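Here is a quick walk through one chain, from its overall form down to a few loop residues. Have the viewer open as you read.

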Amino acid sequence: MFALWIGVALAGWTDPTHPDAGEVFNRGIESLDAADPSAAEAAFREAAALDSEWGRPRLGLGLSLLRQNRASEAIRVLAPLAEDFPEQSMVWTHLSQAKFAARDFPGAQEAAERGLALEPADVLCVSAMVDVQLRTGALDAAIAVLEAAAAASPSPDWSCLRVRVAIEQGALDTLDALLASCDGGDAALVRNAWGAASTARGKPVTVDIGAAGHMVTQANQAIMLLQQGLVEEAAALADRLIAAHPDDVRVHIVRGRIAYVAGDTSTAVRHFEEAFEREDWVEVHGDGVRTGILTQSQEQEWVAMSVGAAATLAGVYAETERVPQAHTLLQRAEDRFGPHAALHAAAAWAEMYSGRPAEAWDRLARALADPQPGVVDTLASELLFQHADSLPDAMAELLVGIEGHPGVLLNAAVGLTNQGRGALALPLVDKVWQQVRDRSLAVGIGYTAAVQERDLAAAEVWHDRAIAVDAVDPVTVRNHTAILLDADRHDAVLSLLGQHPGVPDGPTFRVVALVELERTEGLEAAALADGVDPAARFNAAVTFGNGGDTDAAVRVLEQTCPLMQGGNRVSCEEALAAWTE
């Protein structure tokens with residue numbers, strides 16, 4: 001929040017002793033107001049050089065450095081200033097902001113506490129403390145600070161600041177009352193409170209799209225539209241953001257994600273490359289500090305989005321045989337964000353296309369150890385589906401213990417089944433078939449894998465599940481029937497074919513089962529049905545003949561012999577002649 005109340009922060013303490021210092025100092029103030037912190041820095045340095053005893057130029061210098069995301073330098077200016085002027089709460093406040101920007105959260109809290117001890121109802125200092133507590137998740141402490149400030153000096157500002165705490169708590173039902181109490185507070189605080197509340201509720205918020213302080217709010221709006229399935233609206237908002245902030249890494253990440261979800265890979269890659277093929281990568285914490293809306297959950301969301309974008313782009317690079325670019329991008333991403341699951345998943349692709357499948361599967365195992373879904377699911381699913389042929393048995397068995405990625409496990413089962421490795425697929429699909437959205441696919445794969453492994457008990461279970469979800473595949477039923485025949489389960493064959501009359505080879509299997517059971521009832525009609533193999537018909541005729549029903553045998557053979565060739569036809573005609581006599 002350090003971008004607010006600059007004029008107030010720099011007014012009213014320690015007058016200059018040099019006649020020109022005040023004019024130079026005012027030039028620095030004008031530069032800050034004009035959003036030119038570099039010019040402000042130069043002016044404040046000059047004013048401080050003219051009058052080294054005057055504190056305000058040094059505070060202005062610290063602020064101008066902070067506005068340029070140079071937090072460490074700002075601390076080196078503000079920390080000695082706080083020692084020289086310990087009675088000035090604004091110095092402690094801005095030192096807190098600088099330490100917050102430098103991720104020194106304990107130091108930021110200590111400096112804010114020093115400021116609040118001097119002025120417990122100073123809005124900027126209270127805001128600095130709340131920023132620290134929101135970032136560290138100390139929500140009860142944030143509420144206590146706001147209540148103390150309200151007791152010291154009632155103001156709508158405290159309700160405005162309370163809005164962000166309520167959102168982080170998930171207490172959305174309290175927002176209406178807080179926003180009503182916020183009315184009449186500082187204009188910037190009111191605007192931020194309404195924007196945060198609207199985003200939390202999943203509603204549009206009208207703000208100046210060109211204002212840097214609202215860029216993240218609008219980017220979140222674009223993601224919200226995407227999550228609601230409004231892809232075109234999300235893309236349009238993101239395009240307007242890019243027009244207003246063409247050099248901002250985050251808006252390109254958002255636009256790339258929207259394009260990727262829409263299936264427009266080329267546009268997604270273009271925006272991801274715009275984000276990541278530059279030196280000034282997204283710095284989530286620093287960007288949040290500059291826009292003044294960073295909380296613990298928001299930082300986690302932005303890190304996840306940035307990591308996901310980098311992983312997606314690396315995956316595209318690997319799949320399009322740009323493996324060196326993938327490795328370079330992944331190394332930069334890990335240096336910036338740490339070893340996230342999505343980056344491990346993308347690295348698995350890069351290793352696979354580098355000809356190192358063992359390393360690829362090791363990376364994938366590390367990725368899936370994190371139960372949180374996201375980009376890792378897409379990358380892992382595609383890798384397992386496309387490269388199941390090289391998946392080690394031990395890795396397939398390890399997947400059974402993975403939690404939080406049912407879709408990934410299903411895709412692994414599909415890939416393994418396609419490779420004829422049903423024994424490894426069955427435990428996977430058995431674990432997730434009730435968790436995945438496409439239950440029909442899962443049940444169909446389970447049935448296919450069970451039949452593939454000739455596991456009659458499992459096949460029966462999966463067959464019943466397939467009927468329940470209308471996922472019966474005729475080819476799988478045909479193969480199920482075949483293994484039942486091989487196991488001499490002839491009654492089970494007739495039962496299965498009775499449930500699925502249109503199965504390929506079903507008429508032939510029915511005749512074979514009846515013959516094996518020496519059951520002549522219905523055998524003639526079954527033998528003369530369309531699609532019955534001539535050999536099965538011949539065996540049916542033999543069954544009739546051996547049982548003394550030569551008339552039925554002759555009727556079947558008269559329609560069978562013309563369909564046979566060579567020695568089989570000769571044998572058929574001889575039998576026909578014998579039973580005709």
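## Overall form

A compact globule of 581 residues would come in near 25 Å for the radius of gyration, but this chain has 37 Å. Keep in mind that the model is predicted. Lined up along the principal axes, the C-alpha atoms fill a box of roughly 135 × 50 × 40 Å.

What is the secondary structure made of? The chain has 34 helices and zero strands. Buried residues account for 51% of the 581 residues. If you take the contacts between residues at least 6 apart in sequence, 59% of them join residues at least 24 apart.

On the outside, the chain exposes about 25,400 Å², and carbon and sulfur atoms supply 49% of that. As for charge, there are 42 positive and 82 negative side chains, yet the centres of the two sets lie 3 Å apart.

## A look at helix 28

Helix 28 covers residues 474–486, which makes 13 residues. From its first C-alpha to its last it reaches 19 Å, close to the 18 Å expected at 1.5 Å a residue. Which of its residues are buried? They are T476, V477, H480, T481, A482, I483, L484 and L485. As a reminder, an α-helix has 3.6 residues a turn, so residues three or four places apart point the same way.

The buried residues of helix 28 pack against helix 26 (439–452) and helix 27 (456–468), and also against helix 29 (490–499) and helix 30 (506–516). Just after helix 28 comes D488, with a positive phi of about 60°.

## Loop residues

Three loop residues are worth clicking on. Here is where they sit and how accessible they are:

| Residue | Loop between | Relative accessible area |
|---|---|---|
| N69 | helix 4 (56–67) and helix 5 (71–84) | 36%, partly exposed |
| R103 | helix 6 (89–101) and helix 7 (105–118) | 40%, partly exposed |
| P371 | helix 21 (357–368) and helix 22 (375–386) | 41%, partly exposed |

N69 has a positive phi, near 60°, in a residue other than glycine. R103 is not a glycine either, and its phi is positive at about 65°.

What does P371 touch, leaving aside residues up to four places away in sequence? Its contacts are E403, G404 and H405. Looking back along the chain, P371 and A358 are 13 residues apart in sequence, and their C-alpha atoms are 22 Å apart in space.

Notes
Residues are numbered from 1 along each chain as its sequence is written. This is a predicted model: local features need pLDDT of at least 70, side-chain atom pairs count only at pLDDT 80 or more; totals for chains, interfaces and linings use all residues. Side-chain values use heavy atoms; hydrogens and water are left out. Helices (H or I, at least four residues) and strands (E, at least two) are DSSP runs, numbered from the N terminus. The radius of gyration is taken over C-alpha atoms; the globule rule is 2.2 Å times the number of residues to the power 0.38. Buried means under 20% relative accessible area, exposed over 50%, partly exposed in between (1.4 Å probe, protein chains only). Contact means heavy atoms within 4.5 Å. Accessible areas come from the Shrake-Rupley method with a 1.4 Å probe; for residues, only the protein chains shown count as cover. Lys and Arg count as positive and Asp and Glu as negative; His and the chain ends are not counted. The place of a charge is taken as NZ of Lys, CZ of Arg, CG of Asp or CD of Glu. The expected span of a helix is 1.5 Å times one less than its number of residues.
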